[in-house]
Amino acid sequence: MSWVGSKFEVEVGPVAHGGHFVARHEGRVLFVRHALPGERVIASVYEDNGGSFCRADAVEILTASPDRVEPPCPFSGPGMCGGCDFQHVSWDAQRELKAQVVREQLSRLAKIERDVVVEALPGGPLEWRTRIRMAVDRDGRPGFRGTRSHDVIPIDHCVIARPGMVEAVADRKWRAQELTIVQDGDGNRHVGEVRGRHTARRAGTGTAVETAAQRKWRVSADGFWQVHPAAADTFASVVGEWAAAEPGQRAWDLYGGAGLFASVLGRQVGETGSVLVVESFPGAVEDGRRNLRRMSQVEWVADKVERAVTRRLPVEDPHVVVLDPPRKGAGKVVVAEVARRRPERVVYVACDPAALARDLAEFTVQGYRLEELRAFDAFPMTHHMECIALLVPETR
């Protein structure tokens with residue numbers, strides 16, 4: 001019998017990966033949103049596919065955690081916008097919860113026991129997001145989708161977005177299915193419309209100007225760039241420090257995007273070295289080639305990394321490899337091929353701690369060990385974070 005619509009009084013346990021917390025009732029696990037460890041809550045089940053667990057919202061707080069705060073956003077809470085998981089959590093506690101998730105994933109999936117501190121980026125927990133994607137409801141009103149739902153919650157303001165971004169599109173009706181709103185580093189705003197499921201039309205996005213890694217970037221406004229204004233520069237600095245490529249060396253930048261990390265590696269290896277960038281999205285490759293056109297040492301391969309590492313990459317082994325895979329991680333094939341080349345250092349940038357832990361476990365099998373790890377709160381008010389890891393060959 002489905003529990004959807006049922007309400008249970010439960011005691012909330014630890015945080016779990018994905019922005020929810022673990023509770024139990026009658027032998028089943030409830031993944032509860034809008035709760036905190038140690039609280040007693042009334043949990044209302046909104047999804048039950050059978051099996052050992054279901055999903056619920058904390059709709060009434062009977063005993064509150066000292067880390068609970070009043071959400072700054074009026075659209076946050078059960079049945080509302082699904083974008084922010086941690087609006088009800090103090091900012092310090094948010095970072096500690098994220099650190100617990102990273103520690104648990106490393107321990108469970110990679111058998112790595114390591115203390116983790118999630119570092120704050122400059123600017124505070126609000127008004128940081130520079131790139132947002134909004135859905136449009138049947139009446140043409142823009143908003144965000146509910147948790148695990150196709151329902152669109154119309155909004156006229158977003159507390160984590162740069163001021164004015166949502167307001168710029170909320171006062172009119174749209175025919176598009178989705179909107180993309182970007183505020184670039186120069187303060188220019190770009191609005192794009194997505195029409196059609198398979199033939200997306202983006203109008204008005206143009207070119208965004210960003211500053212990171214000691215240079216100006218001109219990238220497609222609807223392409224990939226870090227959403228936190230301090231993230232790109234911070235990550236480039238850490239990658240450069242840990243890559244530590246020397247003049248004349250060879251470096252690979254896999255899942256290279258528009259070339260942020262390639263620009264750092266290119267400066268390090270100089271004109272006598274080489275940087276090979278592999279990126280599957282043609283728009284990012286085009287942006288990268290244009291921005292780094294004066295770096296003759298940077299070569300681009302427009303292909304999927306999984307295919308490129310097994311078929312298209314040079315015979316010469318790299319000294320340094322940078323990996324910045326999508327949320328699913330690099331996977332066994334890519335990890336095995338990178339490890340087979342025996343680079344001196346592998347710098348891994350991860351937006352998902354579970355995927356990172358799985359790939360670290362595979363690197364361990366391949367004879368590499370985790371040397372350094374830093375985690376950053378690049379997405380305040382949400383459960384997301386960014387981790388950067390340094391791997392080196394295991395000495396025997």
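Which residues does Leu260 touch, not counting residues up to four places away in sequence? In this predicted model, Leu260 touches Ala212, Ala213, Trp217, Trp225, Ala232 and Ala236. That list is a handy way into the structure, so let us start from Leu260 and work outwards.

Leu260 belongs to the largest nonpolar core, a set of 66 residues, and together with Met134 has the most contacts inside it. Among the secondary-structure elements, H3 gives the most to this core, with 8 residues. Both domain 2 (101–123 + 228–393) and domain 3 (131–220) give residues to the core, and therefore the core lies between them. There is also another core apart from this one, with 61 residues, among them Phe8, Ala43, Leu106 and Leu360. As background, nonpolar side chains in soluble globular proteins tend to be buried together.

It helps now to step back to the whole chain. The division is into domain 1 (6–68), domain 2 (101–123 + 228–393) and domain 3 (131–220), with domain 2 given as two stretches of sequence. Between domain 1 and domain 2, the C-alpha centres are 35 Å apart. Where these two domains meet, the contact takes 5 residues from domain 1 and 6 residues from domain 2.

Back between domains 2 and 3, there is a pocket to look at. The second largest pocket lies between these two domains, because both of them give residues to its lining. Its volume is about 200 Å³. The lining has 15 residues, and those nearest the centre of the pocket are Thr130, Asp184, Gly185, Glu210 and Pro229. Strand S13 (207–212) and helix H3 (231–243) each supply at least two residues of the lining, and S13 gives the most, with 3 residues. H3 is thus named twice in this tour: for the pocket lining and for the largest nonpolar core. In character, the lining divides into 7 polar, 4 nonpolar and 4 charged residues.

One last stop is Gly146. You will find Gly146 in the loop between strand S9 (142–145) and strand S10 (152–154). Is this glycine buried or exposed? Gly146 counts as buried, because its relative accessibility is 13%, which falls under the 20% cut-off. Leaving aside neighbours within four places in sequence, Gly146 is in contact with Met80, Gly82, Asp151 and Ile153. For a sense of distance, Leu97 is 49 residues from Gly146 in sequence, and the two are 22 Å apart in space, C-alpha to C-alpha.

Definitions and conventions. Residues are numbered from 1 along each chain as its sequence is written. This is a predicted model: local features need pLDDT of at least 70, side-chain atom pairs count only at pLDDT 80 or more; totals for chains, interfaces and linings use all residues. Side-chain values use heavy atoms; hydrogens and water are left out. On a 1 Å grid over the protein atoms alone, a cavity is a set of points where a 1.4 Å probe fits but cannot get out, and a pocket is an open set with protein on both sides within 12 Å along at least five of seven lines; lining residues have an atom within 4 Å of a point. Grid points are joined across faces, edges and corners, and a volume is the space filled by probe spheres set on the points. Helices (H or I, at least four residues) and strands (E, at least two) are DSSP runs, numbered from the N terminus. Ala, Val, Leu, Ile, Met, Phe, Trp, Tyr, Cys and Pro count as nonpolar, Asp, Glu, Lys and Arg as charged, and the others, Gly among them, as polar. Domain bounds come from an automatic or database domain assignment. Buried means under 20% relative accessible area, exposed over 50%, partly exposed in between (1.4 Å probe, protein chains only). Contact means heavy atoms within 4.5 Å. A nonpolar core is a set of buried Ala, Val, Leu, Ile, Met, Phe, Trp, Tyr and Cys residues joined through side-chain atoms within 4.5 Å.
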